[in-house]
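Visitor: I should like to learn how to read a protein structure step by step. Could you guide me through the one shown here?

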Amino acid sequence: EGAPQARLRSGAPEGVRHRRPRAPRDDEPAGATRAPRKERQGKGMERFRGTTILAVRRDGRVALAGDGQVTFGDTVLKASAQKVRRLKDGRILAGFAGSVADAFTLFEKFEEKLERYPGNLPRACVELAKDSRTDRFLRRLEALLLVADREHLFVISGDGNVIEPDDDAVGIGSGGGYALAAARALLAHSQLAAPDIVRRSLEIAADICIYTNREITVLELGA
């Protein structure tokens with residue numbers, strides 16, 4: 001009879017165990033509370049972030065450019081990283097934004113699709129998106145790819161989305177919006193070639209976005 005009375009005095013429903021209050025550590029002020037476990041685990045685990053990738057198509061020429069800054073939390077770790085590359089013997093250009101490790105994984109999966117569907121960039125992108133929809137590991141990739149050939153520009157996300165822009169410019173990354181706005185203005189109000197537009201647009205983005213620098217790499221198709 002003593003056990004039920006103890007539960008009633010405590011105010012806890014039957015079957016619910018009490019957890020004793022945690023004694024504060026020596027380095028904690030009186031009355032301090034700890035953050036939830038998930039929040040505590042997230043601190044100190046900053047992700048690599050920030051970049052700007054831009055692609056522009058004009059007069060049969062396609063240019064893709066990216067900056068070189070790699071940021072970890074509030075620290076710049078590298079200023080001259082290569083975030084753009086040529087694929088399929090130089091017939092396709094690709095650049096990435098987001099978590100570095102996730103981006104390389106997405107790159108590898110995309111190259112596998114290019115091998116399976118050579119010369120068909122739209123099909124390769126769609127098949128990669130299908131895999132992302134059914135593969136839980138791929139859906140968790142925190143990265144974006146911007147890929148281009150002579151006829152197409154695509155943005156591929158790790159969660160299985162594929163987007164083809166309406167116009168001849170597209171940008172991704174933390175400074176992608178700034179670079180895209182500059183590129184659209186230059187396309188409409190200048191006669192600059194595609195490589196000059198992407199370089200100038202990234203320079204403008206670097207002046208605005210703290211996660212973007214002026215160590216710019218430009219790749220071109222149709223030169």
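Guide: Certainly; please bear in mind that this is a predicted model. We begin with an open sheet of 4 strands, paired in the antiparallel sense and ordered E11-E2-E3-E12.

Visitor: Which strands stand at the edges of this sheet?

Guide: A strand at an edge has a single partner strand, so one side of that strand is left without a neighbour in the sheet. In the order E11-E2-E3-E12, this applies to the two end positions, namely strand E11 (169-173) and strand E12 (217-221).

Visitor: By what angle are neighbouring strands of this sheet turned against each other on average?

Guide: The direction of the strands is ignored for this value, although their pairing is antiparallel. The average turn between neighbours is 10°.

Visitor: In E3, which residue is the bridge partner of Val56?

Guide: Strands of a sheet pair through backbone hydrogen bonds. E2 and E3 pair in the antiparallel sense over 6 bridges. For Val56, the bridge partner in E3 is Ala63.

Visitor: Which helix packs on the sheet by touching E2, E3 and E12?

Guide: Helix H6 (residues 176-189) lies across E2 and E11, at about 20° to E2. The helix that touches E2, E3 and E12 has a direction making about 150° with that of E2. This is helix H7 (residues 194-208).

Visitor: What covers the buried residues of H7?

Guide: Several residues of H7 are buried, among them Ile197, Val198 and Leu202. Helix H7 also packs on the sheet. The covering elements include E2, E3, H6 and E12.

Visitor: How far does H7 reach from its first C-alpha to its last?

Guide: H7 has 15 residues, and at 1.5 Å a residue the expected span is 21 Å. The computed reach is close to that, at 22 Å.

Visitor: Is Asp59 buried or exposed?

Guide: Asp59 is placed in the loop between strand E2 (52-58) and strand E3 (61-66). Asp59 has a positive phi of about 55° although it is not a glycine, whereas most residues other than glycine have a negative phi. The relative accessible area of Asp59 is 73%, and the cut-off is over 50%, so Asp59 is exposed.

Visitor: Is Cys209 buried or exposed?

Guide: A residue under 20% relative accessible area counts as buried. Cys125, at 0%, therefore counts as buried. Cys209 has a relative accessibility of 7%, so Cys209 is also buried.

Visitor: How many disulfides are counted?

Guide: A disulfide requires a pair of cysteine sulfur atoms within 2.5 Å. By this rule, the count is 0.

Technical notes
Residues are numbered from 1 along each chain as its sequence is written. This is a predicted model: local features need pLDDT of at least 70, side-chain atom pairs count only at pLDDT 80 or more; totals for chains, interfaces and linings use all residues. Side-chain values use heavy atoms; hydrogens and water are left out. Buried means under 20% relative accessible area, exposed over 50%, partly exposed in between (1.4 Å probe, protein chains only). Two strands pair if DSSP finds at least two bridges between them. Axes are lines fitted to C-alpha atoms, for helices over the stretch in contact, and angles run from 0 to 180 degrees between N-to-C directions. Contact means heavy atoms within 4.5 Å. The expected span of a helix is 1.5 Å times one less than its number of residues.
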